[in-house]
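Subject: Structure handover

Hello,

As promised, here is the structure for you to look through. My notes follow below it, so please open it alongside them.

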Amino acid sequence: MQRMKREVSPVLGVVLVLAALTTAQVLYWRGLIGAPYGARPDGMHGRVHERAKLPAGLEEVMVVTAAGRPEPGKSDGMGEEARFDGPAAVATDGSVVYVADSKNHCVREVSASGKVTTVAGRPGEAGYADGAAVEARFSSPAGVAVAADGSLLVADTGNHRLRRISGGMVSTIAGAATTRDDLGRELGSYRDGPAEQAQFCYPVGLAADDRGGLYVADAGNHRVRYLSASGEVTTVSTDGNGRMNAPTALALAADGQLWVADTAAGALWSGPGRGPLREWKAGEGSGLGKPAGLAVTGEGAAEAEIYVADCENHCLFRMEEDQLTLVAGLLDPHHPGWQDGGGNVAQFCSPAGIAAAADGSIYVADFGNNCLRRVSGPGYGPPHNRQANRRGRRGGAPGGG
């Protein structure tokens, strides 16, 4: 087993994906989402959970490193020869996996054979420029999604804009310039309206729908926004007086249900895509720390499986009714690491965005390890057994998780 030499702070959310920005910005975000929940022996802060007893069946899960190694870098190449620096989000179109390589300020692609190439931007060079993919520039991109038309959508977090990559070209699809600080850096802002006039503040997670629309976790504005196919930006409502802290990840189920990870608050929200969104109430002892990634598998509501990456506890959960079941990782905020193998021994370090593949496996942007990981066989036994267990808990009623 190879452990990380030093622990990466699990107080992630926007702090992680903006790590390449200036010290002042990082300190601002630490203050926003890093309120101490309990003192850590190493001087960091985070919710401190007693290590939970690992459920039976984790050994049936297999975690492998699909690309990269636990060291930062910016080189393309095959599998472990490639290097990432702060991979923050992943998306897949069924044949390749796209990675928002946040601290390299670029978007990378991982083929089915494991070959890593740079799709847009130049690794290590931050900026803002549209045009040919090799000439385009991003600033700490932290969200990616595949649109209904096959183009790639990017949350250009540090530039407070949404971008599109299509046909080898990069264009801005939403987000106007905002007020700048004394050093000339845009601060982000909030405004609904036509895409070219709308404003965002550190957009992070993305979820595309089949109507050509795009949901955006607008972390700095504490809201979820929606960009319609016609180019209008609106704000998705929340229930009553509910207010998000810093939403950073989204997942859209086949039935239109939208799931939101509020990393700063350690909470999950859900509801119809147009709102209102309501905070999801976990059962007692769920062990959820700071959710930073969401993915939904399955073709319909009955088959839907919802997965949650917990960047504080360095693990992956699956949701079952009002409970979270550990899928992989040690559920221990004090022991991040890098180890492949069964779900009962595998280790992550601040996992961030996740994406579901067509075969049900889960790709994980393992931010602290600078790797892309793949989790396969995430269920405990055949799917029909899980459905039977649910029917038993619901008194024989059919349905999904």
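Let me begin with one residue: Ala100 has 0% relative accessibility, and because buried means under 20%, Ala100 counts as buried. Please keep in mind throughout that this is a predicted model.

Where does Ala100 sit? It belongs to strand β4, which covers residues 97–101. Leaving aside residues up to four places away in sequence, Ala100 touches Gly86, Pro87, Ala88 and Ala89, then Cys106, and also Pro141, Ala142, Gly143 and Val144. There is also a link to a distant part of the chain: Ser140 is 40 residues away from Ala100 in sequence, and the C-alpha atoms of the two are separated by 8.3 Å.

**Around β4, β5 and β6**

From Ala100 it is a short step to the next strand. β4 runs antiparallel to β5, and 5 bridges join the two. One pair to look for is Asp101 with Cys106, its bridge partner in β5. Cys106 is also one of the residues that Ala100 touches. The hairpin of β4 and β5 has 4 residues between the strands, and His105 there takes a positive phi near 60°.

β5 itself (residues 106–110) is worth a look: 4 of its 5 residues are buried, so this strand is largely enclosed by the rest of the structure. On to β6 (residues 115–120), which pairs with β5 in the antiparallel sense over 4 bridges. Here Val107 has Ala120 in β6 as its bridge partner. These two strands also form a hairpin with 4 residues between them, and Gly114 in the turn shows a positive phi of about 95°.

**Around β9, β10 and β11**

Further along the chain you will find another run of hairpins. Strand β9 (residues 152–156) and strand β10 (residues 161–166) are antiparallel and pair over 5 bridges, with Leu153 standing opposite Arg164 in β10. Their hairpin has 4 residues between the strands, and His160 in it takes a positive phi near 60°.

β10 then pairs with strand β11 (residues 169–174), again in the antiparallel sense and over 5 bridges. Ile165 has Val170 in β11 as its bridge partner. The hairpin of β10 and β11 has 2 residues between the strands, and Gly167 in the turn has a positive phi of about 60°.

**Two open sheets**

Which order do the strands take in the sheet that begins with β17? They run β17-β18-β19-β20, giving an open sheet of 4 strands with antiparallel pairing. At its edges are β17 (247–252) and β20 (278–280), each of which pairs on one side only. The twist from one strand to the next averages 30°. Within this sheet, β18 (residues 257–262) and β19 (residues 267–272) pair over 6 bridges in the antiparallel sense, and Gln257 stands opposite Pro272 in β19.

A second open sheet, also of 4 strands and antiparallel, has the order β21-β22-β23-β24. Its edge strands are β21 (291–297) and β24 (323–329), which each pair on one side only. Neighbouring strands here are turned by 25° against each other on average, direction ignored. β21 and β22 (residues 305–310) run antiparallel and are joined by 6 bridges; Ala295 stands opposite Tyr307 in β22.

**The protein overall**

Stepping back, the protein has 3 helices and 28 strands. It is made of 401 residues, of which 57% count as buried. Among contacts between residues at least 6 apart in sequence, 50% join residues at least 24 apart. The accessible surface comes to about 15500 Å², and carbon and sulfur atoms account for 49% of that.

How many cavities of 30 Å³ or more does the structure hold? The count is 1. The largest cavity has about 30 Å³ of space in it. Its lining includes Asn313 and His314, the stretch Gly329, Leu330, Leu331 and Asp332, and also His335, Ala346, Gln347 and Phe348. Gly329 also falls at the end of β24 (323–329), one of the edge strands of the second sheet.

I hope this gives you an easy way in. Happy to talk it through whenever suits you.

Best wishes

Note on methods:
Residues are numbered from 1 along each chain as its sequence is written. This is a predicted model: local features need pLDDT of at least 70, side-chain atom pairs count only at pLDDT 80 or more; totals for chains, interfaces and linings use all residues. Side-chain values use heavy atoms; hydrogens and water are left out. Two strands pair if DSSP finds at least two bridges between them. Axes are lines fitted to C-alpha atoms, for helices over the stretch in contact, and angles run from 0 to 180 degrees between N-to-C directions. Buried means under 20% relative accessible area, exposed over 50%, partly exposed in between (1.4 Å probe, protein chains only). Contact means heavy atoms within 4.5 Å. Accessible areas come from the Shrake-Rupley method with a 1.4 Å probe; for residues, only the protein chains shown count as cover. On a 1 Å grid over the protein atoms alone, a cavity is a set of points where a 1.4 Å probe fits but cannot get out, and a pocket is an open set with protein on both sides within 12 Å along at least five of seven lines; lining residues have an atom within 4 Å of a point. Grid points are joined across faces, edges and corners, and a volume is the space filled by probe spheres set on the points.
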